[in-house]
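Biologist: Got a minute to walk me through this one? Let's pull it up and go piece by piece.

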Amino acid sequence: MFTMLLCGSIKTRCMKKIRIFLLVICLVQGAVCMAQTKDSLTVAAIIKEATDNSQLENLANELMNGIGPRLVGTPKMQQAHDWAVAKYGTWGITARNEKWGEWRGWERGITHIDMVQPWIKTLEGTQLAWSPNTGGKTITGEIIIIPEVADSIAFQAWLPNVKGKFVMISMKQPTGRPDYNWEEFGTKEAIEKMKKDRTAQTDAWRKRMGKSGLSNKELALALEKAGAVGIISSLWSAGFGVNKIFSANSIKIPTVDIALEDYGLLYRLSESGKSPKVSIRADSKELGIVPTFNTIAEIKGTEKPDEYVMLSAHFDSWDGGTGATDNGTGTIVMMEAMRILKKIYPNPKRTILVGHWGSEEQGLNGSRGFVEDHPEIIKNMQALFNQDNGTGRVVRIGGAGFLHSYEYVSRWLQRVPANYKQGLETTFPGSPAGGGSDNASFVAAGVPAFSLSSNSWLYGSYTWHTNRDTYDKIVFDDVRSNAIMTAILVYMACEDPNKTSREKIVLPSNSRTGEPGKWPEQRSPTRKGGVN
Ligand SMILES: [Zn+2]
């Protein structure tokens, strides 16, 4: 009886416990269920908004065609910052331009280049960024090529020959056909021969330039001091019709880049004694030192307003094209994701920020400035997603060297429907980015900052820093897919009940020196750039 009673009372207590246990399970499951339902509904709403009401084409048209390239220190860069703030305003999102530094102000004007002798042809070319102008005039002069000389003394002796002339400082490419074109149509022997010849000519040119004893910068200054009227270069980007357009080294005379085809024409005419002449007009304005900004926009968090999830893409570009894939596409992905999130998820658990960085191209300056200026945000950043390598679908995401990144990033990614992660490969825990784009500025400060890395679309040769980085290269369906993925990842990172772990992997030791691997160091931006 006693035993029975005891048993009975145990039994009763057991039953109670089980009932409570079951109740808890139901509640937990219910909560999980509810969370899952909420997630599914949100994801579906994000996709619907991105698909039925996409603003990507409008944004791209306004930014790339309406404003154009966004070189740091130019009025167009400033115009773009103001446009972004106004655009966020129309979506009810708070945005501001935040000063991080100053840069040499410059405004690109007309470049017009003609061959006027031995026959007339308007040439394809443009002045390099920050090139000096031709003083409002058209300058005509003969062409002269950097010659083969014995040494730097002989080079100095030759220098007076440049007086009154345009100096060609790049090699003549033996072929304007990209390798893939040779590989499709050429014989094996012909391809091998072409590559061998090209390598030999490239080496010979490097040696020829080396004999001047001058760096590129010193050469430009020596040429202008000796009375050259302009410098002509050609930086072929290994595709049909593509040249990369960077900045000038000259400080008094213009430097123009001429496309491979026309550069080769001038070079061959000059080599064969036909004494070609060109006329160049290059207009540009020096604007003194101007302030430089990042555009930051924000959707305030409700539960944890002091924790942050950040979207990131540099806003500046080189200016040979209109910066469509570097980094117009990253920019519009982040803007579109913000617009969608504001509409579908207006009261996020954590604060959502977006950074449109100035001057990534000169060394991640805008993002480094932000990291340095906002330790309180950096300390509490849950995650950052950066995009900056073209128009393609995101096909690579790595864990950036954070030991537990697999746990949270892959959990967030699970919510992205298969359609929007076709071909995606993930690497965990991955390794920290030491540079390359703005995520590196945050990784260096210990923030779980991830690069959403695109498939190529021949980005490296055809659009990256080239004269062909224009609207027509944008693949909108890929960009749309990226905006959807970004919005979902940001939503998941905001809703995550846990704060992300920042524990770092032990980096492998340097295989060459045997020294232990080091996490990339946080670096200060150039706060005053473009000045000598
Ligand atoms: Zn870029």
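Biologist: Before anything else, at what angle do helix α2 and helix α9 pack?

Modeller: Quick background: this is a predicted model, where local features need pLDDT of at least 70 and side-chain atom pairs count only at pLDDT 80 or more, while totals for chains, interfaces and linings use all residues. Residues are numbered from 1 along each chain as its sequence is written, and side-chain values use heavy atoms, with hydrogens and water left out. Helices (H or I, at least four residues) and strands (E, at least two) are DSSP runs numbered from the N terminus, and axes are lines fitted to C-alpha atoms, for helices over the stretch in contact, with angles from 0 to 180 degrees between N-to-C directions. For α2 (residues 56-67) and α9 (residues 324-344), the axes sit 10 Å apart and the angle is about 135 degrees.

Biologist: Which word describes how α2 lies relative to α9?

Modeller: Under 35 degrees counts as roughly parallel, over 145 as roughly antiparallel, 65 to 115 as roughly perpendicular, and the rest as oblique. Their angle is about 135 degrees. That makes α2 oblique to α9.

Biologist: Which residues of α2 meet α9?

Modeller: Contact here means heavy atoms within 4.5 Å. On the α9 side you'll find A324, G328, T331, I332, V333, M335 and E336, and from α2 come L56, L59, A60, L63 and M64.

Biologist: And how many nonpolar residues has the contact of α2 with α9?

Modeller: Ala, Val, Leu, Ile, Met, Phe, Trp, Tyr, Cys and Pro count as nonpolar, Asp, Glu, Lys and Arg as charged, and the others, Gly among them, as polar. Two residues of this contact are polar and one is charged, and the nonpolar ones number nine.

Biologist: Is α3 roughly parallel or roughly antiparallel to α9?

Modeller: Helix α3 (residues 75-90) packs with α9 at about 20 degrees, the axes being 11 Å apart. That makes the pair roughly parallel.

Biologist: Which residues of α9 make that contact with α3?

Modeller: α3 brings W83, A84, K87 and Y88 to the contact. Its partners in α9 are M334, M335 and M338.

Biologist: How far apart are the axes of α9 and helix α15?

Modeller: α15 covers residues 476-495, and it packs with α9 at an angle of about 50 degrees. That makes α9 oblique to α15. The distance between their axes is 8 Å.

Biologist: Now the metal: which residues are the protein donors of the zinc ion?

Modeller: Donors are N, O and S atoms within 2.8 Å of the metal (3.2 Å for Na, K and Ca), and water is not among the atoms, so sites may look incomplete. Here they lie 1.9 to 2.8 Å from the zinc ion, with D388 giving two OD atoms. The residues are H314, D326 and D388.

Biologist: Why do H314 and D388 tie together parts of the chain, and how many residues apart are they?

Modeller: H314 lies in strand β9 (residues 304-314). D388 is in the loop between β11 (381-386) and β12 (394-398), so the two parts tied together are separated in sequence by 74 residues.

Biologist: Any odd backbone spots: which residue does a cis peptide bond join to Q117?

Modeller: Most peptide bonds are trans. In this cis one, omega is about 5 degrees. Its second residue is in the loop between β1 (94-117) and β2 (121-122), and that residue is P118.

Biologist: What is the phi of L364?

Modeller: L364 lies in the loop between β10 (350-357) and α10 (365-373). L364 is not a glycine, yet its phi is positive, at about 55 degrees.
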